[in-house]
Amino acid sequence: MAEFPPISKGQYLNLFLNISFLFLIFLCLTTHFYSSNSNFLNQFKTFPNAMTAPYHDSDTGCRQLHEYSDREAKCSYVKSHTGCQNGGYISYLRLFYCNFDPVLGYSALILWLVVLFYLLGNTAANYFCCSLEGLSRILKLSPNIAGVTLLSLGNGAPDLFASIVSFMGDETEKVGLNSILGGAFFVSSIVVGIISISVCHSRPSIERSSFIWDVTFFLLSLACLLVIIMLGKINLWGAISFFSLYFVYVLFISTSHLCHRKEGVGDDSAASGSPILPVTKNFLEYQTEGLCEVEEPLLGFVGDDKPILMEKSGLVQVGDDRKRRRRCLDLQPSTSSHLFVCRLLFFLELPLYLPRRLTIPVITAERWSKPFAVVSVTIAPVLVAVVWNSHGSKPSWLVYLIGASVGTISGVVAFFTTERSNPPTKWLFPWHAGGFLMSITWTYIAADELISLLVSLGLILGISPSILGLTVLAWGNSLGDLVSNVTMALNGGAEGAQVALSGCYAGPIFNTLIGLGLPLAFSAWSEYPASYIIPKDNSDYETLGFLMGGLLWALVILPKRNMMLDRCLGGGLVAIYLCFLSLRIARALVPN
């Protein structure tokens, strides 16, 4: 009897998410056909409605929602006030108050929150990073330069797009700011603290110059952000100057790398203060294809060694999951029950996988499929047109026509210029650029819904959305860093600890300067020549103070401990974060 292929923990999670997604679709369709309050979809991002316009100025942000006691009154209020429409494709408040009872409503929203976190992290890890890898090869970037540019962009994509989306919405800027600061604080305190405590028995030593430079530059970035918040406004040139600080960081790393190479110190990866960092996966990420479910360097490997691939639980061999799938699909007729179960599992994995696979071009050798490639370049421009039109007061048929025309031409060209057996070897830039653009599109869609859902949950629970950004959104986007960096520190020895610690500072620096700098630049551009007014929130000073305090603790303690990671450093960082979190939660629970 043929052995039944085992199901990995990652596949169990993937099946749970897909089944949850199917359940939510069934729930919404049932509500749509059998409920009188079935209109829970937002047709456009703006809501110009003559009937609801008079309420917009008097109740911005749906603040009077909890002044009503029964659900029917809240349902009527949500349907008649534009301030209760939070900009996503789904009106979550209308769905919660008009269609579901409380238990079912909370369950559906929490399941959808988990699915959105999965989509955000999975798309960035398995599509966005693949496109960045291809672009880095085409542009012939050195591993060190690409590590602090494209790799940081790949790892920080969920935070970056969530921040951009939040700054584009009404009264959601605080969510983006708090999610970036909360994520930076979580990674630089909790992740560094857990790494220090986990490896204290081996007492690995960290490179002094690299650590001091990373922490000092991070403190400088936070000081600049503090000045911006204190001023309460920023113009276009100030925003450009702020995110340009990241290029100063890249320039320093590049110069250091070149100087070490001229001196002949070490290899390419060890020469600089920032080793090549792995692609960190989202905690809920799982890929249904072979290579992309493991942790792999984005840009290559040190020397000529074979790749060492790290899964969340340790080391794995490339292709193990592919062999398992092939064995599943090649079962003999005598094992028809096993074949049925395998194919059922395969189809259950499709709901979250297939829409992205049909719209994001992928031309890696391991994932090449000509039918998928042709279909993806055909449908992708149409999806971009749909997303573009969703931001207007009414659809523009010209945009749809342009998208359909570009898609048709691209599909025909791809059909006649590609082979079924091998991916294309010429004109690779348009393929990777298309994959990059569509990965951004899907990441934006997921981030847009995630921000809208968090704002709605804040209104339902009576909690400030900024608190949810500081905790739920920040933790969701940072758990991948926790798992991957701790795993690398435990399994990689002293070098692994160095790489993991560098990643704990390089990522937050990128998210702070680019993840906040770009949204501030876009917002200032929309107000040009006037300055963009930053929403006032006194808790931002508290967050920045604790965050800078944690960095100063590490900057003082680690050199005094001869640059060796131990419990003193880790325990102090964890204590600082827990004190901050307790203070913020206690303050949020106390009524004003």
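## A walk through the cores, rings and one disulfide

Let's start inside: cysteine 504 has a relative accessibility of 0%, so it counts as buried. Cysteine 579 makes a handy contrast, since its relative accessible area of 48% leaves it partly exposed. Keep in mind that this is a predicted model.

Who touches cysteine 504? One residue to look at is isoleucine 195, which, leaving aside its neighbours within four places in sequence, is in contact with Asn485, Val486, Ala489, Ala500, Cys504 and Leu565. Isoleucine 195 also belongs to the largest nonpolar core, a set of 71 residues. Together with Phe211, Leu222, Tyr246, Leu501, Tyr505 and Leu565, it is listed as touching the most other members. Several helices feed this core: α7, α8, α9, α10, α17, α18, α19 and α20 each give two or more residues. The biggest share comes from α18, with 14 residues. Another core lies apart from this one; it has 61 residues, including Cys84, Phe128, Ile445 and Leu450. As background, in soluble globular proteins nonpolar side chains tend to be buried together.

Now for the rings. There are 19 aromatic pairs in the count. What kind of pair do tryptophan 368 and tryptophan 431 make? Their ring centres are 6.3 Å apart and their planes stand at 80 degrees; anything over 60 counts as edge-to-face, so that is the label here. The two tryptophans come from distant parts of the chain, 63 residues apart: tryptophan 368 is in the loop between α13 and α14, while tryptophan 431 is in helix α16. Both tryptophan 368 and tryptophan 431 are buried.

Phenylalanine 546 and phenylalanine 580 give a tilted pair instead, at 5.4 Å centre to centre with 50 degrees between the planes. Here helix α19 supplies phenylalanine 546 and helix α20 supplies phenylalanine 580, 34 residues apart. Are these two rings buried or exposed? Phenylalanine 580 has 1% relative accessibility, so it counts as buried, whereas phenylalanine 546, at 25%, counts as partly exposed. Elsewhere, Trp213, Phe217, Tyr246, Tyr249, Phe252 and Phe510 form one aromatic cluster. Tyr246 is worth a second look, as it also appears in the list of core residues that touch the most other members.

Rings pick up charged partners too. Arginine 357 lies over the face of phenylalanine 372, at 4.7 Å from the ring centre. Arginine 71 puts its charged end over the ring of phenylalanine 96, 4.9 Å from the centre.

Arginine 71 is in helix α3, and phenylalanine 96 is in helix α4, which brings us to the disulfide. The structure holds one, formed by cysteine 75 and cysteine 98 with their sulfur atoms 2.0 Å apart. Cysteine 75 sits in α3 and cysteine 98 in α4, so the link ties together parts that are 23 residues apart in sequence. The angle about the S-S bond is 115 degrees, and the link is right-handed. Both of these cysteines are buried.

Finally, how far should you trust the picture? The chain has a mean pLDDT of 75, and 73% of its residues reach 70 or more. Among the elements, helix α15 has the highest mean at 91, and strand β3 (residues 314-315) the lowest at 34. Two stretches have pLDDT below 50. Over residues 46-60 that is the case, with 21 contacts beyond near neighbours in sequence. It is also the case over residues 265-334, where the model has 170 such contacts. Where pLDDT is low, the predicted coordinates should not be read in detail.

Definitions and conventions
Residues numbered from 1 in each chain as written. Heavy atoms only, no water. Phe/Tyr/Trp six-rings, centres within 6.5 Å; stacked < 30°, edge-to-face > 60°. Helix = DSSP H or I, 4+ residues; strand = E, 2+ residues; numbered from the N terminus. Buried < 20%, exposed > 50% of the residue type's maximum accessible area, 1.4 Å probe, protein only. Lys NZ or Arg CZ within 6 Å of the ring centre and 35° of its normal. pLDDT = per-residue confidence, 0-100. Contact = heavy atoms within 4.5 Å. Disulfide = S-S within 2.5 Å. Core = buried A, V, L, I, M, F, W, Y, C linked by side-chain atoms within 4.5 Å.
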